[in-house]
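Trainee: Please take a close look at a single part of this model with me, in one connected account. I would like the cut-off behind each term as you come to use it.

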Amino acid sequence: MTTDIDMDMNADEGQNCRFIDTHSHLYDESFADDADECVRRCIEAGVTKIILPGIDIASHENMMRFHEKYDGFTFPATGLHPTSVNSDWKREIDFVLDQLKTSKYVAVGEVGLDTYWSDEFLEEQKEVFRIQIEAAASAGLPLIIHTRSATSITVEIIREMSHLGLKGVFHAYSGSLETSRILKSLGDFKFGIGGVVTFRNSSLARVVSGLSPEDILLETDSPWLTPEPYRGKRNESSYIPLIARKIAEIKGMSVQEIAMATTKNAESLFNI
């Protein structure tokens, strides 16, 4: 690691827990001016590892530059995000497949389907999703799956390809408890729980109450989906304890128990 930050400092702070943020875009331009400070706050909060999901070619260089600076603390994934699927998707997917010829990555993602803003390239999104599912299975890597306003189609594709022995995480999970059970029957899947669970009257709390701790991963999706009481501001990985505390409250468990379970889940799924 080339940063001058001591990566071992206070790693057990934050309820004396070890946390892993399984989905953070700390390489985003919104952190350009204070990345070192953000990393320091992460460590002080007890975050010991961070998964960096890929998005597209345009963001790849920033992600890898950030990873190389904090190697050993960050772990990159590679993938084509569904909202980055457009008329140039073949060049983008070729880039992902080329990257997977190396051993740099711990997952294929962020991949999936998203029709929230537009369904103009939905058929292309489906094809890209299938290609990346096959690539992940071939490489023995987990998937980081994004689905927004496309749950039924996502489940359909996962069912269609379940014979490949799929594993991964449904990032920012927003489906029902019943859908989570269906997905669990189709592969070795975990469910990423982030800041939304802290929102007042969030329906996600009811879903989390029915999930086993062994099925949950912690994530921030920083700089987005900021938990209470910082909602509306930039999110960062140091807020992971707020999410863990809310899950512990919902589950009737201690923060330490949630930290131990979710850290074990992340280390096993991503082999880190």
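Mentor: A crossover is called right-handed if, with the strands pointing away from the viewer, the path from the first strand over the helix to the second runs clockwise. Helices (H or I, at least four residues) and strands (E, at least two) are DSSP runs, numbered from the N terminus. This is a predicted model, in which local features need pLDDT of at least 70 and side-chain atom pairs count only at pLDDT 80 or more, while totals for chains, interfaces and linings use all residues. Residues are numbered from 1 along each chain as its sequence is written, and side-chain values use heavy atoms, with hydrogens and water left out.

The part I would choose is strand E2, which spans residues 47-52. Six of the six residues of E2 are buried (under 20% relative accessible area with a 1.4 Å probe, protein chains only; exposed is over 50% and partly exposed lies in between), so that we may call this strand mostly covered. On one side, E2 pairs with strand E1, residues 19-21, in the parallel sense over three bridges, where pairing requires that DSSP finds at least two bridges between the strands; within this pair, Phe19 stands opposite Val47 in E2. E2 also pairs with strand E3, residues 74-76, again parallel and over three bridges, and here Leu52 has Pro76 of E3 as its bridge partner.

Each of these pairings is accompanied by a helix. E1, helix H1 and E2 form a right-handed β-α-β unit, and E2, helix H2 and E3 form a right-handed β-α-β unit as well. H1 covers residues 35-44, and its buried residues are Ala35, Cys38, Val39, Cys42 and Ile43. Seen down the axis of H1, these buried residues fall within an arc of 140°, taken from the directions from the helix axis to the C-beta atoms, so they line one face of the helix. That buried set packs against E2 itself and against helix H2, residues 57-69, with contact meaning heavy atoms within 4.5 Å. Just after H1 comes Gly46, whose phi is positive, at about 100°.

For comparison, consider strand E5, residues 143-148, further along the chain: five of its six residues are buried, so the rest of the structure largely encloses it. E5 runs parallel to strand E4, residues 108-114, and six bridges join the two, one of the pairings being that of Gly112 with His146 in E5. E5 pairs in the parallel sense with strand E6 too, residues 167-170, over three bridges, and in E6 the bridge partner of Ile145 is Phe170.

The connections around E5 are likewise described as right-handed β-α-β units: one consists of E4, helix H4 (residues 122-139) and E5, and another of E5, helix H5 (residues 151-160) and E6. Helix H4 includes Lys126, which, at 17% relative accessibility, counts as buried. Leaving aside residues up to four places away in sequence, Lys126 touches Leu113, Ile153 and Ile157.

Returning to the part we began with, E2 is the strand that takes part in parallel pairs with E1 and with E3, while the buried residues of H1 pack against it.
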